[in-house]
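Subject: Structure handover

Hello,

Here is the structure we spoke about handing over. Please open it alongside this email.

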Amino acid sequence: MAAARDQLLDAIRALMAAHSPPLHALVVPSEDAHQSEYVSEQDKRREFISGFTGSAGLALITMKEALLWTDGRYFLQATQQLSNCWKLMRMGEDPPVEAWIADNLEDEAVIGINPWCISVDSAQRYEHAFSKKHQTLFQLSSDLVDEVWKDRPPVEPRPVIVHPVEFAGRSVSEKIKELREKLVHEKASAIIITALDEVAWLYNIRGSDVDYSPVVHSYAIVTLHNAFFYVDKRKVTVEVQKYMAGNGIDIREYETVQSDANLLATGKLKSSVDGENDINDNEVGSLKIWIDSGSCCLALYSKLSPDQVLTLQSPIALPKAVKNPTELDGLRKAHIRDGAAVVQYLAWLDNQMQENYGASGYFNEIKGAHKKENIKGNKLTEVSVSDKLEGFRSIKEHFRGLSFPTISSVGPNAAVIHYKPEANTCSEMDADKIYLCDSGAQYLDGTTDITRTVHFGKPSEHEKSCYTAVLKGHIALDIAVFPNGTTGHSLDILSRAPLWREGLDYRHGTGHGIGSYLNVHEGPHLISFRPSARNVPLQASMTVTDEPGYYEDGSFGIRLENVLICKEANAKFNFGEKGYLSFEHITWAPYQAKLIDTKLLTPVEIEWVNTYHSDCRNILEPYLNEQEKEWLRKATEPVAVSS
């Protein structure tokens, strides 16, 4: 496979040399035409050309070199997946791609890019870096990777589905009315919406065009009087046609968004619903067209005149992130059902590890040296056990699928932060090694994401101390109280401090927003050391994950993750009249007591664990059978300081 990919590089370089003008480099991003984090199979161009399967990264192919940039979550994975023809560039340590190009390619070099797969922000950053050596970012009319991808998966027309108001909490008409008020406030005549989850949220639709994310490949244009929905019409049922018409939304073919953007720019975009222009010819240019330069692609931006564009964060981002009461209620309920599935899974896995491998189990610490032979045909692997977890989830009310590929990882694999086990190469379960499981599901009433780390044998003292440091950081964020206006950049240190005290750390952010039956990773807020975490303060009714970790390459990995809802804090005082915020955890599954070194916990932390476990038991017991209840009761017994 590596040799075949290396031949693909030769084929790409031949196309680059034959191109007019000849290309000195080709940029192959991870993103699709909507700047999505997770993309459909036919949009995985960077994965196809490089062999690296992580969700974040960028490939650069020159006539002599092939380089791949990715972030700290994927350093280890990339070193394992890239062939010798590729060089790994570590984001945050090596120069960014635009700086590397400016420094290493010749004057007046031409760099090719698919203009649909790069955001306006990125394109402008590249052009600025290239200007010092008069290098050019060239918009390709066709993607060169597609030309060598002979068995590229075809597009499947999967149906658009209406998401009922009983789950969405707000009607389309309410959302569009609020959006138009924001357009008027910013003196804008229209907005082009390109992010898939924003179109889905605004129009209360869902789909299955991207695995794990219930979105539809689509665009929206909303003007002061009209609304447009750009989608492959083969996906539109009679029900959806009536629904859109009833909300005054004009359905157009997906590909016409580019020509309609051009019409919008000249004031000539008409709706078939009422046939009227929004503005007359005299007003063209006096009102702005709003785009989010972080999610709008260069191809659409190029159809607009730069002086008529308003580049601000999408006005949909915050209303989507700040959940309404219906969404919050749904998220709480979804996480309870999901927690029950996780407990059922852990109880089942505990039993299987003891029966099949002679493991001491979830509760005991006998060294697993007296393993009996594994029963023939009953081999447990990272994939087979994660399939069982999906089975427990699949029978829960409102289940619609997983929210991302389950990270089911044993021992050294758990140190690969975004490890994805494959059936033919994954590891067998091992009672003497840590097992990390990061998983989540899509339910009609909410999206879930939970990580628990367990050991079915005798953990080492080092593993216990590392687990406890992660738990301390996890608790520190959970119990934080902070003033309105605080960003996730300020809070990130809370989860790291207990690890830093031991000289430990982790290379990923601490928390991301989570959708309401939408993307499992949702902005615009996040809790992270990255500078972008300074941009958006946390607000009441936002959701965010709490997931510190520690990873020891070649040995083990630990992560603990809950979903939190940001809420108003019941603080004694109100300094500065700012109002104070805190968190409510809505994820329910126990922490493994035998991995906790209670001597390292403070009384406050021990009380937190015991309270959480008591709540966990009371909330989940109604969803479990007698054996599962008994397992949960034992798993949530109060912990005390070791003597």
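Below is what was found, going from the whole chain to single residues.

Overall picture

Please keep in mind that this is a predicted model. The protein has 19 helices and 28 strands. Its radius of gyration is 26 Å, close to the 26 Å that the globule rule gives for 643 residues, so the protein is as compact as a globular protein of that length. Along the principal axes, the C-alpha atoms fill a box of roughly 80 × 55 × 50 Å. Of the 643 residues, 58% are buried. Take the contacts with a separation of 6 or more: 70% of them are between residues 24 or more positions apart.

The annotated N-terminal stretch

An unreviewed UniProt entry carries the annotation "domain: Creatinase N-terminal" for residues 10-137. In the model, that stretch is 32% helix and 20% strand. The C-alpha atoms at its two ends are 22 Å apart.

A β-α-β unit

Look next at residues 66-70, which form strand β3. β3 runs parallel to strand β4, residues 87-90, and four bridges join the two. One bridge to look up is that of Leu-67, whose partner in β4 is Lys-87. Helix α3, residues 75-81, completes the motif. Together, β3, α3 and β4 make a β-α-β unit, and the unit is right-handed.

A three-stranded sheet

Further along the chain there is an open sheet with the order β15-β18-β19. Its pairing is antiparallel. β15 (399-402) and β19 (446-447) are the edge strands. Each has a single partner strand, so one side of each is left without a neighbour in the sheet. Two bridges link β19 to strand β18, residues 441-443, in the antiparallel sense. Within that pair, Gln-442 is opposite Thr-447 of β19. Helix α15, residues 382-394, packs on this sheet. α15 touches β15 and β18, and its direction makes about 165° with that of β15.

Backbone points to check

A reminder for this part: most residues other than glycine have a negative phi, and most peptide bonds are trans. Four places depart from one or the other.

- Ser-20 to Pro-21: the peptide bond is cis, with omega near 0°. Pro-21 sits in the loop between α1 (2-18) and β1 (25-29).
- Gly-523 to Pro-524: this peptide bond is also cis, with omega about 5°. Here the proline belongs to a strand, since Pro-524 is found in β23, residues 522-527.
- Gln-35: phi is positive, about 60°, although the residue is not a glycine. Gln-35 lies in the loop between β1 and α2 (45-50). Is Gln-35 buried or exposed? Gln-35 has a relative accessible area of 18%, and because the cut-off for buried is under 20%, it counts as buried.
- Ser-541: phi is near 80°, again positive in a residue other than glycine. Ser-541 is placed in the loop between β23 and β24 (543-546).

Where to start

I would open the two cis bonds first, Ser-20 to Pro-21 and Gly-523 to Pro-524. Then turn to the sheet of β15, β18 and β19, with α15 packed on it.

Best wishes

Technical notes:
Residues numbered from 1 in each chain as written. Predicted model: local features only at pLDDT ≥ 70, side-chain atom pairs only at ≥ 80, totals over all residues. Heavy atoms only, no water. Pairing = 2+ DSSP bridges. Right-handed = clockwise from strand over helix to strand, strands pointing away. Contact = heavy atoms within 4.5 Å. Axes fitted to C-alpha atoms, helices over the stretch in contact; angles between N-to-C directions. Buried < 20%, exposed > 50% of the residue type's maximum accessible area, 1.4 Å probe, protein only. UniProt positions renumbered as here; feature names shortened; annotations may be inferred. Rg over C-alpha atoms; globule rule 2.2 N^0.38 Å.
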